[in-house]
Amino acid sequence: MYLLLIPVVCFSQSYELSGVVLDEDKQAIPGVNIIVDGTNKGVVTNPDGKYSIRLSEGKHKIEVSYIGFETIRTEVDLSSNSILNFTLISKTEDLEEVVVSDRIEGINIRDPEMSVSKLDASSIKKIPVVFGEVDVIQSLLQLPGVSNAGEGAAGFNVRGGATDQNLILIDDALIYNSSHLFGFFSIFNPDAIKNLKLYKGGIPATYGGRISSVLDIKQKNGNTQSLKGEGGIGVISSKLTLEGPIEKDKSSFLLSGRGTYAHLFLELTDNNNSAYFYDLNTKLNFDLDEKNSLSFSGYYGLDYVNINDSFTNIYGNAFGVLDWEHQFNEKINSKLNLSYSEYSYELDLDLVGFNFKNKISNLNLSYQINHELNPDLDLSYGLSSIHYSIDPGKIVPTREDSPVNARSLNNKYAFDNAAFITVNQSLSEKINLQYGLRLSTFLRMEDRISNLYEDNNPVVYDEVRNIYRGAVPVDTQEGNSSNIDKSFINFEPRLGVSYVINDFTSVKASYNRMVQNLQLVSNTSSPTPFDVWTPSGRFIEPQKLDQFAVGYFKDFKDLPFTLETEVFYKNISNIIDYIDGANLIANDAIERVILNGQGRAYGWEFYLKKNTGKLTGWLSYTLSRSEQRTPGRTPDEIGINNGDWYLNGFDKTHDLSLTSSYELTDKWQLNSNFVLQTGRPVNFPVGQFEFQDLNIPVFEGRNLNRLPTFHRLDISATYVPEKKNKSWSSSWNFGIYNLYNRMNAVSLNFEQNDRTGQNEAARFSIFGIVPSVSYSFKF
């Protein structure tokens with residue numbers, strides 16, 4: 001007799017556990033860690049606060065955690081696909097603040113996402129700032145890889161990139177100028193922001209149009225349960241936010257306003273100068289049914305500057321967004337977005353007698369589908385189309401004796417269309433991937449009048465004087481804005497991978513190609529409202545970037561620290577450079593003063609963060625180099641700067657920031673911020689010559705010198721008085737910006753001394769020591 005042994009293989013049944021994580025105000029919380037105790041499994045909630053994870057049949061202990069909220073620990077017994085929702089309770093009842101959290105603890109060790117910084121509703125107000133005005137951009141500057149041109153500089157620079165290379169979105173609406181009052185404040189009102197995310201690298205295929213970074217900001221949804229408000233009164237501005245239900249549990253509103261009033265004090269002193277700004281944020285949300293929701297977001301901001309009634313400058317952003325979200329089933333949801341954005345600028349120069357206006361606007365339509373095939377594989381794919389309308393300027397004389405003639409520059413139109421797909425895939429418990437592809441098609445439409453040049457070359461090289469100059473047009477050509485003048489088609493692959501060494505350590509790598517077809521025409525290190533956007537076309541090629549990054553990430557198991565360190569390399573082609581003496585103001589033939597060059601940036605970023613305890617904060621350091629070159633187009637041309645590499649205006653070799661917050665008592669919190677940076681690249685004269693009794697400085701090369709090293713220490717203290725009313729809470733903030741009164745140079749100007757006749761360097765600084773006090777409240 002024979003005994004036949006047949007092996008039996010038992011397969012464990014698995015089920016899907018899914019749900020949404022909300023806060024006490026029924027706001028979805030993205031980035032929440034959901035960990036299965038005793039396993040390597042876990043997920044992070046998506047931007048809508050939703051999660052999904054597949055687990056084996058039986059009992060599992062679940063831990064739900066997020067910085068600033070009480071951790072939830074529960075047990076679930078799975079015998080079928082189940083839905084489990086969570087509501088997180090805030091750890092304190094203090095005023096809602098903003099916390100900079102570059103990476104949520106633990107579970108992001110596994111996520112291939114890297115080179116990302118986050119801000120969400122909970123402690124940026126801890127960071128001391130000038131005048132005590134809470135500022136999102138100033139907070140981002142404390143993170144590795146992010147800098148700007150200096151105090152009072154508009155915008156921000158990421159990994160050595162220009163400010164126009166940052167894609168800035170608020171509820172998917174494009175923002176063209178992120179600053180108020182020429183860079184002293186940003187347009188982002190923290191009280192109206194739900195969360196924001198800054199991608200420095202590893203950018204998903206969903207995003208395109210800029211090559212340096214993506215700053216994606218989401219406004220808060222209004223409270224659907226009850227009327228609430230918060231606000232603040234500061235030295236130069238005040239703000240107020242109201243939110244509440246339109247129909248309880250189904251719809252809500254949010255209205256937030258902010259404005260300065262320093263100009264009112266100037267009027268009391270008979271000062272003819274005036275400067276102020278105001279902005280207004282709004283959002284309406286409607287849950288139509290279980291599967292459909294509708295929202296409307298809006299923003300309007302305006303800056304006004306008047307100098308002695310001879311110089312008046314008015315500029316601002318505005319946008320409106322309509323979103324429709326639809327849930328097909330538990331696995332598939334979609335989002336349809338329609339938005340309109342514009343930025344306008346007006347200058348009235350009574351001294352000369354003319355008025356100048358320009359504007360850029362766009363209409364954007366996008367449709368995106370998120371599709372979860374299984375817990376280890378999900379897709380995000382869609383289409384987008386943007387129509388750009390650019391009015392470079394209209395000049396109108398304002399008095400009869402004005403030397404300026406009325407004229408209008410050529411309007412410019414373009415379409416930016418794209419199809420994209422991003423795949424998130426878990427190959428194993430150790431290897432996770434994010435990869436995708438973006439296909440972009442940019443259509444530049446014909447101008448009303450175009451210049452024609454000999455050999456189709458708008459910039460000619462003078463071999464005798466070894467200089468470039470604008471070519472003289474040989475003819476003009478009429479066009480129609482409904483006809484395509486030039487088209488550009490580009491494939492933009494993206495790839496990110498993470499390898500988990502253990503539960504607390506991983507290494508990650510990423511690659512992304514980005515294409516930018518809209519450039520800011522500016523030859524300053526910090527943009528001004530007068531700068532003009534121009535699209536790629538017949539003579540301007542799209543900028544293209546290839547970026548590589550590798551990083552090491554660690555959560556210290558028994559210590560309240562996280563460590564992130566990355567190295568990166570960026571290579572850019574078709575970067576815009578300007579010939580010597582280029583005139584960019586109201587130039588209707590900008591192609592006559594620009595050349596296409598190359599750029600590169602590389603560096604090392606270090607970020608050590610203490611997450612818990614009475615003392616929290618972080619140390620960030622960046623060692624980097626950012627440079628560009630424009631070689632000659634032929635062997636006979638010397639190029640710009642002799643075709644050699646030179647530092648661009650955004651290079652900061654060393655950039656160190658130390659930020660800390662200490663909870664002294666239940667009522668007092670002490671905060672500090674120290675910044676140390678290499679000075680910005682500039683040009684100093686190497687000699688001089690005399691012409692008509694004037695000493696004229698002589699310059700050689702580009703950006704061969706630097707401003708003095710920049711450093712500053714800011715401190716603040718926040719006092720929370722005892723509550724006398726459960727429905728009212730408040731706090732006082734006392735701050736000192738630039739504690740030791742360091743006069744950091746914004747620029748060095750070389751001027752002729754009237755007495756000696758010699759050229760001398762004069763340092764220009766903006767801020768010395770600046771004390772501040774502000775009062776915040778919430779009800």
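In this predicted model, the side chains of Gln 543 and Gln 165 are joined by a polar contact of 3.1 Å. Gln 543 sits in strand S39, which covers residues 543-555. Despite being a polar residue's side chain in a contact like this, Gln 543 counts as buried, because its relative accessibility is just 3%, under the 20% cut-off. Once the neighbours within four places in sequence are set aside, the contacts of Gln 543 fall in several stretches of the chain: Asp 164 and Gln 165, then Ile 211, then Met 514, Val 515, Gln 516 and Gln 519, and finally Ile 572, Ser 573, Asn 574 and Ile 575.

Met 514 also turns up beside Tyr 207. Again leaving out neighbours within four places, Tyr 207 is in contact with Leu 167, Leu 169, Tyr 199, Val 214 and Met 514, and with the charged residues Asp 216, Arg 438 and Arg 494. Tyr 207 belongs to the largest nonpolar core, which has 34 residues. Along with Leu 174, Tyr 176, Phe 356, Ile 360, Tyr 388 and Leu 518, Tyr 207 is among those touching the most other members. Two or more residues of this core come from each of strands S13 (166-170), S25 (332-349), S26 (354-374), S27 (377-397), S37 (518-521) and S40 (561-578). Another core lies apart from this one; it has 25 residues, including Leu 143, Val 158, Phe 188 and Leu 198.

Not everything nonpolar is tucked away, though. A nonpolar patch of about 850 Å² lies on the surface. Its residues are Phe 296, Leu 322, Trp 324, Phe 328, Leu 336, Leu 338, Tyr 340, Leu 363, Leu 365 and Tyr 367. At least two of the patch residues come from each of strands S24 (311-327), S25 and S26, and S25 and S26 are also on the list of strands that feed the largest core. Leu 322, one of the patch residues, is found in strand S24. Leu 322 counts as partly exposed because its relative accessible area is 40%, which falls between the 20% and 50% cut-offs.

Turning to charged pairs, the whole structure holds 33 salt bridges. One of them pairs Lys 283 with Asp 171, with 3.9 Å between the closest N and O atoms. Lys 283 is in strand S22 (residues 274-287) and Asp 171 is in the loop between S13 and strand S14 (173-174), so this bridge ties together parts 112 residues apart in sequence. Both partners are buried. Strand S22 takes part in another such link through Asp 279, which is 21 residues from its partner, Arg 258 of strand S21 (residues 251-260). The N to O distance in that salt bridge is 2.7 Å. Here too the two residues are buried, Asp 279 at 2% relative accessible area and Arg 258 at 9%.

The salt bridge between Lys 394 and Asp 391, at 2.6 Å from N to O, has a mixed setting. Lys 394 is partly exposed, at 37% relative accessible area, whereas Asp 391 is buried, at 16%. Elsewhere, shared partners join salt bridges into one network made of Asp 172, Asp 216, Lys 218, Asp 323 and Lys 335. Asp 216 of this network is also one of the contacts of Tyr 207.

Notes. Residues numbered from 1 in each chain as written. Predicted model: local features only at pLDDT ≥ 70, side-chain atom pairs only at ≥ 80, totals over all residues. Heavy atoms only, no water. Core = buried A, V, L, I, M, F, W, Y, C linked by side-chain atoms within 4.5 Å. Buried < 20%, exposed > 50% of the residue type's maximum accessible area, 1.4 Å probe, protein only. Helix = DSSP H or I, 4+ residues; strand = E, 2+ residues; numbered from the N terminus. Contact = heavy atoms within 4.5 Å. Patch = residues over 30% accessible without salt bridge, like charges linked within 9 Å, V, L, I, M, F, W, Y side chains within 5 Å. Areas by Shrake-Rupley, 256 points an atom, 1.4 Å probe, with all protein chains shown as cover. Salt bridge = Lys/Arg side-chain N within 4 Å of Asp/Glu carboxyl O. Polar contact = N/O pair within 3.5 Å; in protein donor to acceptor, adjacent residues only side chain to side chain.
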